[in-house]
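Here is a short briefing for you, with the terms spelled out as we go. Have a look at the model first, and then we can walk through the side chains together.

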Amino acid sequence: MAFAGRIRSGISLFKTIAVSDSISSARSFPSGRPLIPALRDYATASAEKTGNVKVPVALVGESGNFASWLYIAAVKMNSLEKIESDLSELVEAMKTSPIFSQFTKDPSVPRETRLAAIVDVCDKAKFAEPTKNFLSLLAENGKLKNLDVIVKKFMQLTTAHRGDVKVLVTTVMPLPPAEEKELKETLQEIIGEGKKVTVEQKIDPSIYGGLIVEFQQKVLDMSIRTRAQQMERLLREPVDLSNL
C-alpha cells in the first residue's frame, strides 16, 4: 500500500470550474469574419432559447476555447458522437496522408483553395453539418494548422462527458501490473464512483525515477528530476545567518 500512500499524499483536489455557454444551430458563417468573434457568436447566438450547456472540463488557451465552443454546439445539436467520429476520422486521415497533413498546415495555400478542399473532404466523407461548418471556419481563418490540438482537447471533453477519466502516468519504465492496479484503484477513490478510470503509461527516462500523474487538468509531479531541481534551488538560496 506504500505506492497508493505516495499518490494520496501528493494529490490535492482542485475544484473544476464549470464553464457554461450556449450555442445556436446556425449552419453558416459570414465569409472572412475574424475567427474569435465568429466562434463567440456561434456559441452564444441563441442563449435565451436553448439555455446553458456546461463544459465538463475547463480548458485554457485558444485551442481549448475552440474545443469548448465545438463541444457546446455538439451537445445542443445532439451530435456529439457523430462530430467526435468525424474528427477522429479526419485526424486519422492526416496521420496516414502526409500530403493532406502538410496541406492543412501550409500557410501559403490560398484561403479559397483551403476552404474548397475542406468542404469537398467533408462532403465526400459525409461529415455532419456542424463538423463541416466548424472545419470551414478554421480553414477560412488559417487555423487548420492547430486542428490536431483542438481535436485532442475536444476528445478530452467528450471523454469527460461520458464519465470517463483518462490518466497519463509517466515513469522511467512500465509500471508492474500490481502497481498499475493499485494506482487505478487509488485514483478511482479520489475521482469518485460512476466514472471509468483509464490509465495510459508514458515512458520518459529523463525524469530519472518516481512518476508524474496527469488527469483532469491536474499534474502530480513526484519525479526524481523535479525533486532534484527543488533541492538544487534550495541549496542555491543564501543562508540567513542572523537567525542562527
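**Surface patch**

Met231, Leu234 and Leu235 make up a nonpolar patch on the surface, sharing about 340 Å² of accessible area (Shrake-Rupley method, 1.4 Å probe, with only the protein chains shown as cover). Such patches take residues with over 30% relative accessible area and no salt bridge, nonpolar side chains (Val, Leu, Ile, Met, Phe, Trp, Tyr) being joined within 5 Å; a salt bridge puts a side-chain nitrogen of Lys or Arg within 4 Å of a carboxyl oxygen of Asp or Glu.

This is a predicted model, where local features need pLDDT of at least 70, side-chain atom pairs count only at pLDDT 80 or more, and totals for chains, interfaces and linings use all residues. Residues are numbered from 1 along each chain as its sequence is written, and side-chain values use heavy atoms, leaving out hydrogens and water.

- Met231 belongs to helix H11 (residues 224–236); helices are DSSP runs of H or I, at least four residues, numbered from the N terminus.
- With a relative accessible area of 46%, Met231 is partly exposed (buried is under 20%, exposed over 50%, partly exposed in between; 1.4 Å probe, protein chains only).

**Aromatic pair**

- The count comes to 1 aromatic pair (ring centres of Phe, Tyr or Trp, its six-membered ring, within 6.5 Å; planes under 30 degrees apart are stacked, over 60 edge-to-face, the rest tilted).
- Phe66 and Trp69 have ring centres 6.3 Å apart and planes at 35°, so the pair is tilted.
- Both residues, Phe66 and Trp69, sit in helix H4, 3 residues apart, about one turn of the helix.
- Phe66 is buried at 0% relative accessibility, and Trp69 is buried at 11%.

Conventions: Helix = DSSP H or I, 4+ residues; strand = E, 2+ residues; numbered from the N terminus. Patch = residues over 30% accessible without salt bridge, like charges linked within 9 Å, V, L, I, M, F, W, Y side chains within 5 Å.
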